[in-house]
Amino acid sequence: MGDSWELLERECRSCRECALCQTRKNVVFGVGNPHAEILMVGEGPGANEDEQGIPFVGRAGMLLDDMLAIIGLDRTMVYIANIVKCRPPGNRDPLNVEQDACIGYLRRQMALIQPEILVCLGRIAAMRLINDKFRITREHGVWYDGGGMRMMAMYHPSALLRDPSKRPETFDDMKSLQREIRRICTHTEPKRPW
């Protein structure tokens, strides 16, 4: 029997493979369209996400929603997940051992979704999924091919909240994403932003 969303989510919600399970309130599995052509991946849940069990809520989530709206997308048109499914204490970067314990869940999500485009939100996701030497300041917005997908990284929305001077670069990255969606995606037609 093959993998299913129900089986995967049930296994993920009961996971005890690393110490993050001891401090989590909720496993943050993912949200969005399970048949999306675009998968967006961050590093891990923050306090708001841990509280609600949904990725990218709070200020960073509202900014991500605004970023999607700029190019005519919303959460029903993408799938959003994280490298780790439980909140690292104090919102620190997830440790390699935590990423290693959790990456199998993301890989299974990717196998079920089979996205055309992978967007890494921030350096941690890009280092894990694109290249372990990835430099977000130099390589954001650059397209790569791997695993049958087009891949790129952009600044994490929380980084844009801390440093608004990065927003023009991120706008350019979003427009590049919009062009790539129009070029290769067959089912995702961005809405016209009015």
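**A mixed sheet, a crossing helix and a pocket**

Strand 2 (residues 38-42) and strand 3 (residues 79-82) pair in the parallel sense, joined by 4 bridges. Within this pairing, M40 has I80 of strand 3 as its bridge partner. The model is a predicted one.

Now widen the view to the sheet. It is open and has 6 strands, in the order 1-3-2-4-6-5. Its pairing is mixed. Strand 1 (31-32) and strand 5 (144-146) stand at the edges. Each has a single partner strand, so one side of each is left without a neighbour in the sheet.

Next, look at what crosses the strands. Helix 4 (residues 96-113) lies across strand 2, strand 3, strand 4 (117-121) and strand 6 (149-154). Against strand 3, helix 4 runs at about 165°.

Follow the chain out of this helix. Q114 sits in the loop between helix 4 and strand 4. Its phi is positive, about 55°, although Q114 is not a glycine. Most residues other than glycine have a negative phi. Is Q114 buried or exposed? Its relative accessibility is 61%, and exposed means over 50%, so Q114 counts as exposed.

A second residue deserves a look for its backbone. F56 lies in the loop between helix 2 (47-52) and helix 3 (58-70). The phi of F56 is near 55°, again a positive value in a residue other than glycine. How does the surface treat F56: is it buried or exposed? The relative accessible area of F56 is 4%. The cut-off for buried is under 20%, so F56 is buried. The two loop residues thus carry positive phi values, with F56 buried and Q114 exposed.

Turn last to the largest pocket. About 590 Å³ of space lies in it. Its lining is made up of 28 residues. Which of them lie nearest the centre of the pocket? They are E43, H156, S158, A159 and R162. Several helices take part. Helix 2, helix 3, helix 5 (123-129) and helix 7 (157-162) are the elements that give two or more residues to the lining. Helix 7 gives the most, with 4 residues. By residue class, the lining of the largest pocket divides into 12 nonpolar, 9 polar and 7 charged residues.

How values were computed
Residues numbered from 1 in each chain as written. Predicted model: local features only at pLDDT ≥ 70, side-chain atom pairs only at ≥ 80, totals over all residues. Heavy atoms only, no water. Pairing = 2+ DSSP bridges. Contact = heavy atoms within 4.5 Å. Axes fitted to C-alpha atoms, helices over the stretch in contact; angles between N-to-C directions. Buried < 20%, exposed > 50% of the residue type's maximum accessible area, 1.4 Å probe, protein only. 1 Å grid on protein atoms, 1.4 Å probe; cavity = no way out; pocket = protein on both sides within 12 Å on 5 of 7 lines; lining within 4 Å. Points joined across faces, edges and corners; volume = space filled by probe spheres on them. Nonpolar A, V, L, I, M, F, W, Y, C, P; charged D, E, K, R; others polar.
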